[in-house]
Amino acid sequence: MAAEVKPGGEVAYTLRAGDHRLPLNERVGTPLSLEWSGAIACTNCGRATRKSFGQGHCYPCFKRLAQCDTCIVKPETCHYHQGTCREPQWGERFCFQPHVVYLANSSGLKVGITRKTQMPTRWLDQGAIQALPILEVDTRLQSGLVEMLFKEQVADRTNWRAMLKGAVAEIDLEAERRHLLALLAPGLAQLRERFGSEAVKEIVNPVLRFHYPVQTFPTKVVSHNFDKQPKVSGTLMGIKGQYLMLDSGVINLRKFTGYEVRVR
Ligand SMILES: [Zn+2]
């Protein structure tokens with residue numbers, strides 16, 4: 001499921017399969033059924049796999065690809081400099097490029113990192129209603145080290161149930177930015193000493209706001225799981241983050257990447 005931001009911050013969702021495109025916003029308020037055929041194709045090599053590893057990979061790809069390594073989730077553990085990167089060329093392309101440290105509000109204040117080219121996708125994936133990029137760094141490793149500093153003060157995870165219930169209050173991200181940058185100045189200065197004065201740059205951006213196509217938020221969040229129940233249907237009440245919210249329960253489509261699903 002792809003998400004893009006329209007002018008004004010409206011988020012538009014499209015379901016993609018091969019060359020097919022199904023715009024989803026217009027389906028909100030109408031019945032929707034998803035049926036998994038039982039097949040899973042690895043998103044990297046296309047091979048059939050009985051189980052999905054690391055959101056849509058076969059086991060060999062999951063063990064071999066750098067993008068499935070634990071250092072992607074914990075960038076501060078980047079081991080490229082030890083000569084052990086699973087795919088050094090991939091690492092050079094994706095990890096040794098500008099990354100952004102941001103504050104966002106998905107279920108409350110959180111800190112996160114993303115490749116500069118992945119904005120705003122990352123925020124939409126998390127169902128953030130506000131986001132503010134605050135620092136730019138040269139590499140993924142540096143972004144992980146900066147995030148470590150922030151994690152002492154701020155959450156780095158989204159409470160997805162709270163995010164889906166919708167009652168998320170706005171936060172003054174500008175004020176949080178000022179407060180955190182002042183509080184963490186000594187730690188940031190240390191990182192600049194280590195990587196060079198230009199390595200960790202403060203950036204000034206307006207706060208971004210996102211509006212999701214939701215008619216009714218669920219009061220109780222029940223999740224569907226294709227592995228347990230291959231047919232999911234109901235009235236589509238809304239879409240937020242990577243979740244379809246049906247009146248029968250929610251489903252995280254990201255979790256089922258690579259699953260062959262018939263949509264009606
Ligand atoms: Zn594969």
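**Helix packing and sheet architecture in the predicted model**

In the predicted model, helix α5, spanning residues 140–151, and helix α8, spanning residues 185–195, have axes that come within 10 Å and cross at roughly 160 degrees. Because angles over 145 degrees count as roughly antiparallel, α5 is described as roughly antiparallel to α8. The crossing of α5 and α8 is, in addition, right-handed. On the side of α5, the contact is made by Gln142, Leu145, Val146 and Leu149, whereas α8 contributes Gly187, Leu188, Leu191 and Phe195. Sorted by character, the residues of this contact between α5 and α8 comprise 6 nonpolar and 2 polar residues, with no charged residue among them.

The protein chain as a whole holds 8 helices and 13 strands. Its radius of gyration is 20 Å, which is close to the 18 Å given by the globule rule for 264 residues, so the chain is as compact as a globular protein of that length. Taken along the principal axes, the C-alpha atoms of the protein chain fill a box of roughly 55 × 45 × 30 Å.

Among the strands, an open sheet of 5 strands is arranged in the order β12-β11-β10-β4-β13, and its pairing is antiparallel. The edges of this sheet are occupied by β12 (249–252) and β13 (259–263), each of which has a single partner strand, so that one side of each is left without a neighbour in the sheet. From one strand to the next, the twist of the sheet averages 45 degrees.

Within the 5-stranded sheet, strand β4, comprising residues 31–40, is joined to β13 by 4 bridges, the two strands running antiparallel, and Ile40 stands opposite Tyr259 of β13. Strand β4 is also joined to strand β10 (residues 231–240), here by 5 bridges and again in the antiparallel sense; in this pairing, Ser33 has Ser233 of β10 as its bridge partner. Strand β10 is in turn connected by 4 bridges to strand β11 (residues 243–246), with the two running antiparallel, and Lys240 is placed opposite Tyr243 of β11. The strands β10 and β11 form a hairpin with 2 residues between them, in which Gly241 takes a positive phi near 60 degrees.

A further open sheet, of 3 strands, follows the order β1-β2-β3, likewise with antiparallel pairing. Its edge strands are β1 (2–5) and β3 (20–23), each of which pairs on one side only, and the twist from one strand to the next averages 30 degrees. Strand β2, which covers residues 11–17, pairs with β3 in the antiparallel sense over 4 bridges, and Ala17 stands opposite His20 of β3. As with β10 and β11, where 2 residues lie between the strands, β2 and β3 form a hairpin with 2 residues between them, and Gly18 in the turn has a positive phi of about 55 degrees.

Two loops contain backbone features that merit separate description. Most residues other than glycine have a negative phi, and most peptide bonds are trans. Against this background, Gln55, although not a glycine, has a positive phi of about 55 degrees; Gln55 is found in the loop between β4 and α1 (59–64). The second feature is a cis peptide bond, which joins Met119 and Pro120 and has an omega of about 0 degrees. Pro120 lies in the loop that separates β6 (109–115) from α4 (121–125).

Definitions and conventions
Residues numbered from 1 in each chain as written. Predicted model: local features only at pLDDT ≥ 70, side-chain atom pairs only at ≥ 80, totals over all residues. Axes fitted to C-alpha atoms, helices over the stretch in contact; angles between N-to-C directions. Parallel < 35°, antiparallel > 145°, perpendicular 65-115°, else oblique. Left-handed = near helix turned anticlockwise from the far one by under 90°. Contact = placed C-beta atoms within 7 Å. Nonpolar A, V, L, I, M, F, W, Y, C, P; charged D, E, K, R; others polar. Pairing = 2+ DSSP bridges. Rg over C-alpha atoms; globule rule 2.2 N^0.38 Å.
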